[in-house]
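Me: I'd like to go through this model and ask, for each label, what earns it. Could you set every value against its definition as we go?

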Amino acid sequence: MNKLKINVILIVLVIVIGVLPLMIFSGLGEDQGYFGGSDDAAGEVIEATGFEPWYSSFWEPPSGEIASLLFAVQAAIGAIIIGYFFGYWRAEAKYKQDK
Amino acid sequence: MHIMEGFLPWYWCVFWFVVSIPVIAYGIYKIKKVTDETPESKSLLAVSGAFMFVLSSLKIPSVTGSCSHPTGNGLGATLFGPAVASVLALIVLLFQAILLAHGGLTTLGANVFSMGIVGPFVAWLIYKLLNKTGINSAISIFFAAFLGDLLTYVTTAIQLSLAFPQPSFTSALSVFMGIFAVTQIPLAIAEGLLTVVIWNGLTSYKPYLLEKLKVLNPKENSSSKTES
């Protein structure tokens, strides 16, 4: 089995891992307390102990839209770099074999 | 695994900064050293950092019904050692703390310790151990990335239990482990699988460079070269 086939199988498995929870908790959403962030869940536990956060972020994305924009920018920066170098390396390897 | 801004007592913030800063300093020294000795490894360093950028931006739902994200720290740790991965994690955590209010500047030291130090160290160690036994490098990197991711979140749970041992350390630990570690198990598996995808590309296109960085056995390498 070549590496390309293995990679396709691996990516399908990752998609299954991501989609499975959506099927298990189908119909439930944020209002029922599902699919929130684990960071926030920990924050609630800490606040329940009576601890008051003593400093808050000096800037926060003003809305969920802006936050998703910045997350997408973060992913895009990473993806461009990975894609650029893998394309470069692939051509480099091919060129060397041709010689 | 982000401890939110202001969510640690100040003395714990100071403590984790004191622990993390020397590792970051050593990591910067190591980056300089490896890029001086092997200039062609710069592209690999960029890809390792970029991989961390992508993975830590993906918030994936888990079977516990809450969302969390992978860390991507296993790849850089395996390729360049844990201290270099610490520097890469610092860059990601700064980006998220400043632009996304995700994590924070006061808790930066604590978050670098979990995502940049413990996770990468575990990943690096697991890869070294498995690689010595002669197991295929793709399988080794799966377990390295899986455990590096999982232990990052276990570390966060321990850090919070140390800071908030109410009513006791062990009961706090079971609560925080439930929030972070259990949620993380399927995501850590996903991270392991995605790291193998990148790894397969690296071993196909850059086998000599991996050999030079001493992450690939020359023996396995010769077989993968003919295969690709």
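Reply: Gladly! Helices here are DSSP runs of H or I with at least four residues, strands are runs of E with at least two, and both are numbered from the N terminus. By that count chain A has three helices and zero strands, in the order α-α-α. The model is predicted, so local features need pLDDT of at least 70 and side-chain atom pairs pLDDT 80 or more, while totals for chains, interfaces and linings use all residues. Residues are numbered from 1 along each chain as written, and chains are lettered from A and ligands numbered from 1 in the order written.

Me: Why is chain A called spread out or compact?

Reply: The test is the globule rule, 2.2 Å times the number of residues to the power 0.38, set against a radius of gyration over C-alpha atoms. For 99 residues the rule gives 13 Å, and chain A has 21 Å, well over that value, so chain A is more spread out than a compact globule. Along the principal axes, the C-alpha atoms of chain A fill a box of roughly 70 × 35 × 25 Å.

Me: And what makes chain B compact or spread out by that rule?

Reply: Chain B has a radius of gyration of 18 Å, close to the 17 Å given by the rule for 228 residues, so chain B is as compact as a globular protein of that length. Its C-alpha trace spans about 60 × 35 × 30 Å along the principal axes. Chain B holds nine helices and two strands, in the pattern α-α-β-β-α-α-α-α-α-α-α.

Me: How do you know where the domains of chain A lie?

Reply: The bounds come from an automatic or database domain assignment. For chain A this gives domain 1 (1-56) and domain 2 (61-99), with C-alpha centres 23 Å apart.

Me: What makes parts of chain A count as a "transmembrane region"?

Reply: That label comes from UniProt, in an unreviewed entry, for residues 7-28 and 66-89 of chain A. Such annotations may be inferred rather than shown by experiment, and their positions are given in the numbering used here. In the model, residues 7-28 of chain A are 82% helix and 0% strand, with end C-alpha atoms 32 Å apart. Residues 66-89 of chain A are 100% helix and 0% strand, and their ends are 35 Å apart. For chain B, UniProt's unreviewed entry lists several such spans, including 7-29 and 79-102. Residues 7-29 of chain B are 87% helix, and residues 79-102 of chain B are 83% helix.

Me: What makes up the contact between chain B and chain A?

Reply: Two residues are in contact if their C-beta atoms, placed from the backbone, lie within 7 Å. By that criterion, 50 residues from chain B and 50 residues from chain A take part. On the chain B side, α7(B) gives the largest share, 16 residues. That side divides into 32 nonpolar, 15 polar and three charged, where Ala, Val, Leu, Ile, Met, Phe, Trp, Tyr, Cys and Pro count as nonpolar, Asp, Glu, Lys and Arg as charged, and the others, Gly among them, as polar.

Me: How do you know the handedness of the crossing of α4(B) and α5(B)?

Reply: A crossing is right-handed if the near helix is turned clockwise from the far one by less than a right angle, and left-handed if anticlockwise. The crossing of α4(B) and α5(B) is right-handed. Their axes come within 8 Å and cross at roughly 145°; axes are lines fitted to C-alpha atoms over the stretch in contact, with angles from 0 to 180 degrees between N-to-C directions. The contact includes B:L93 of α4(B) and B:W124 of α5(B), and its residues divide into 13 nonpolar, three polar and no charged.

Me: What makes the backbone at B:A101 and at the bond between B:Q166 and B:P167 worth listing?

Reply: Most residues other than glycine have a negative phi, and most peptide bonds are trans. B:A101 has a positive phi, near 50°, and sits in the loop between α4 and α5 of chain B. The bond joining B:Q166 and B:P167 is cis, with omega about -5°; B:P167 lies in the loop between α6 (137-163) and α7 of chain B.
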